[in-house]
Amino acid sequence: MASGRFPRGRPGLIFGWQSGAEAVRQSESRRTVGSSGRTHLEVALHTMRKNFILDTNVLLHDPRSIYSFKEHNVIIPIYVIEEIDQFKRDLSELGRNARLVARYLDSFREEGSLKDGVRLPHGGVLRVCFTDRDLPLSMADSNLMDNRILSVAIDLMEREPQSPAVFITKDTNLRIRADALGLIAEDYDAERVEITELYTGFTERLVPRDMVDQMYKPGAEVEISGQESLSPHQFILLKDETNPSHTAMGRFNASRGRVVPLLRGMKSEGVWGIRPRNMEQSFALDLVMNDEIKLVTIVGKAGTGKTLLAIAAGLHKVTEEGVYQKLLVSRPVFPLGRDIGYLPGSLEEKMNPWMQPIFDNVEFLMNLSRADKKAGRGYHELIDLGLMEIEALTYIRGRSIPNQYIIIDEAQNLTPHEVKTIITRVGDNTKIILTGDPFQIDNPYVDATNNGLVHVVNRFKNEKIAGHITMAKGERSALAELAANLL
């Protein structure tokens, strides 16, 4: 819900209200003091604004939410600051956000009294409020912090009816309670993208027959109508308009302004013994093997082959082509179900259970026989040779990682800030692949619409340095495909 707009539009909530800047322009000539001691401009701006009351979880989710409501007023109950204070010593992202909120508020305090209100950059006013009003019987437990926060919102709604009060919280139950008390309550999402509307990286076009034939010639490049609407590196299935079964696969090269064929040789020769089994895998392999594309996002359900293809391409680029010095692989540490507790040993030993899916894929690509495994051969050979490294995301902040091929698996469990931290570690001649399934999320603080993977897809879809593909067809096994679709 960035920029003060809601994903689920309530027409009377935001839309149709005059902006603060427009009100300033129209009222500048009428700057006289009224009986209340305020200028007519201030009165006009006050009556045009809404009061957005922010819950604790909104500020901990996005410290910059203070700036997200344009010309409207932002109200922070004093009880929210008390709750945020409990997180300031945490070493997690919540602790970082709590400290950031405190710094923001302290900087505003230098400009004026937070009790009386401080002007925000877009024209709104930021206030820190409290109330001593008697709580309704439904909120009789005044020790419950949520009730105190709600009481501030109710007090503002009654004291300032000219500025409609909107309570913003990510707590579903609190929104229900607020609604029952007559408050307008909404969720907050700065980068909400419905998964059904997510950019897929693929489209189809009907073209003349000779254009399809042209795509199979060496060095082919074709220009199609309407290509100005295509994103950089978007894949296109060109279909013969007279015979739809006659097709060719291509990728839009924004630098050349042409549709070019996929990289040659992958279908027949494969990469580390892996050949694409369907069109989507062909598109994904083209992205992960293209050295011009430095950021690749692959979204797909379980069994579509996204991780296997990424690792195969990484090993090929490191061991055979020598484009990168090392393959660096990591994934967020989130358990499925109840956690088994602390793990003993070194960092590598602690990471082993979490990285086992990666090791399974590597050993599959190494094509080890039973005798090889009995002889002690395995993924550790690549680690011992310095060709592959396992990285704990916990310690990635502050690093600079040049000349490496990075794979971040299960990226849907990362927050947008965590993804930013990871991608900004990328150095010269480094390629990074983010893979994941937005429908399989174990992180309780993100969902399918606002996780780090979806955030990156949405932000980078128009950048020439990045490419994306959404994969839908499972190839793990008939049972795995059926389970992914039915369960």
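**Helix H15**

I began with helix H15, residues 416-423. I listed its buried residues: His417, Val419, Thr421, Ile422 and Ile423. I then asked what these residues pack against. I found helix H5 (93-109), E11, E14, E15 and H16. I keep in mind that this is a predicted model.

**The six-stranded sheet**

E11, E14 and E15 sent me to their sheet. I traced an open sheet of 6 strands, with parallel pairing. I wrote down the order as E13-E12-E14-E15-E11-E16. Which strands are at the edges? I noted strand E13 (388-390) and strand E16 (466-471), each of which pairs on one side only. I read an average turn of 15° between neighbouring strands of this sheet, ignoring direction.

I then looked at one pairing within it. Strand E11 (residues 295-300) and strand E15 (residues 431-436) run parallel, joined by 5 bridges. I took Ile298 as an example and found Thr435 in E15 as its bridge partner.

Next I checked helices against the sheet. I saw helix H11 (residues 306-320) pack on the sheet. H11 touches E11, strand E12 (326-330), strand E14 (404-408), E15 and E16. I noted an angle of about 170° between the direction of H11 and that of E14. Helix H16 (residues 452-460) also packs on the sheet, where I found it touching E11, E15 and E16. The direction of H16 makes about 125° with that of E11.

**Strand E4 and its partners**

I moved to strand E4, residues 125-129. Is E4 mostly covered or mostly exposed? I counted 5 of its 5 residues as buried, so I call the strand mostly covered by the under 20% cut-off on relative accessible area. I sorted the side chains by direction: Val125, Arg127 and Cys129 point one way, Leu126 and Val128 the other. All are buried.

I looked up the partners of E4. Strand E2 (residues 73-77) pairs with E4 in the parallel sense over 4 bridges. I found Pro77 opposite Cys129 in E4. Strand E3 (residues 118-119) pairs with E4 in the antiparallel sense over 2 bridges. Here I matched Arg119 with its bridge partner Val125. E3 and E4 form a hairpin with 5 residues between them. I checked the turn and found Gly123 with a positive phi of about 105°.

**Arg175**

I stopped at Arg175, in helix H7 (residues 172-180). Buried or exposed? I list Arg175 as buried, because its relative accessible area is 18% and the cut-off for buried is under 20%. Leaving out residues up to four places away in sequence, I found it touching Thr169, Lys170, Ala185, Glu186 and Asp187.

**Salt bridges**

I counted 19 salt bridges. I then went through some of them.

I found Asp85 paired with Lys88, with the closest N and O atoms 2.9 Å apart. Asp85 is partly exposed at 40% relative accessible area. Lys88 is also partly exposed, at 32%.

I looked next at Arg258 and Glu223, whose side chains meet at 3.4 Å, N to O. Why does this pair tie together separate parts of the chain? I placed Arg258 in strand E10 (residues 258-261) and Glu223 in the loop between helix H8 (209-214) and strand E8 (235-240), so the parts tied together are 35 residues apart in sequence. I noted Arg258 as partly exposed at 29%. Glu223 is partly exposed at 47%.

I compared Asp286 and Arg251, with closest N and O atoms 2.8 Å apart. Asp286 lies in helix H10 (residues 279-289) and Arg251 in strand E9 (residues 247-253), so this pair also ties together parts 35 residues apart in sequence. I found both Asp286 and Arg251 buried.

I also followed salt bridges that share partners. They join Lys326, Glu389, Glu391 and Arg399 into one network.

**Surface patch**

I searched the surface for a nonpolar patch. I found one formed by Leu482, Leu486 and Leu487, with about 400 Å² of accessible area together. I placed Leu482 in helix H17 (residues 478-486). Leu482 counts as partly exposed, at 49% relative accessibility.

**Whole chain**

I closed with the totals. I counted 17 helices and 16 strands. Of the 487 residues, 49% count as buried. Among contacts between residues at least 6 apart in sequence, I found that 69% join residues at least 24 apart. The chain exposes about 24,100 Å², with carbon and sulfur atoms supplying 51% of it.

Key
Residues numbered from 1 in each chain as written. Predicted model: local features only at pLDDT ≥ 70, side-chain atom pairs only at ≥ 80, totals over all residues. Heavy atoms only, no water. Pairing = 2+ DSSP bridges. Axes fitted to C-alpha atoms, helices over the stretch in contact; angles between N-to-C directions. Contact = heavy atoms within 4.5 Å. Patch = residues over 30% accessible without salt bridge, like charges linked within 9 Å, V, L, I, M, F, W, Y side chains within 5 Å. Areas by Shrake-Rupley, 256 points an atom, 1.4 Å probe, with all protein chains shown as cover. Salt bridge = Lys/Arg side-chain N within 4 Å of Asp/Glu carboxyl O. Buried < 20%, exposed > 50% of the residue type's maximum accessible area, 1.4 Å probe, protein only.
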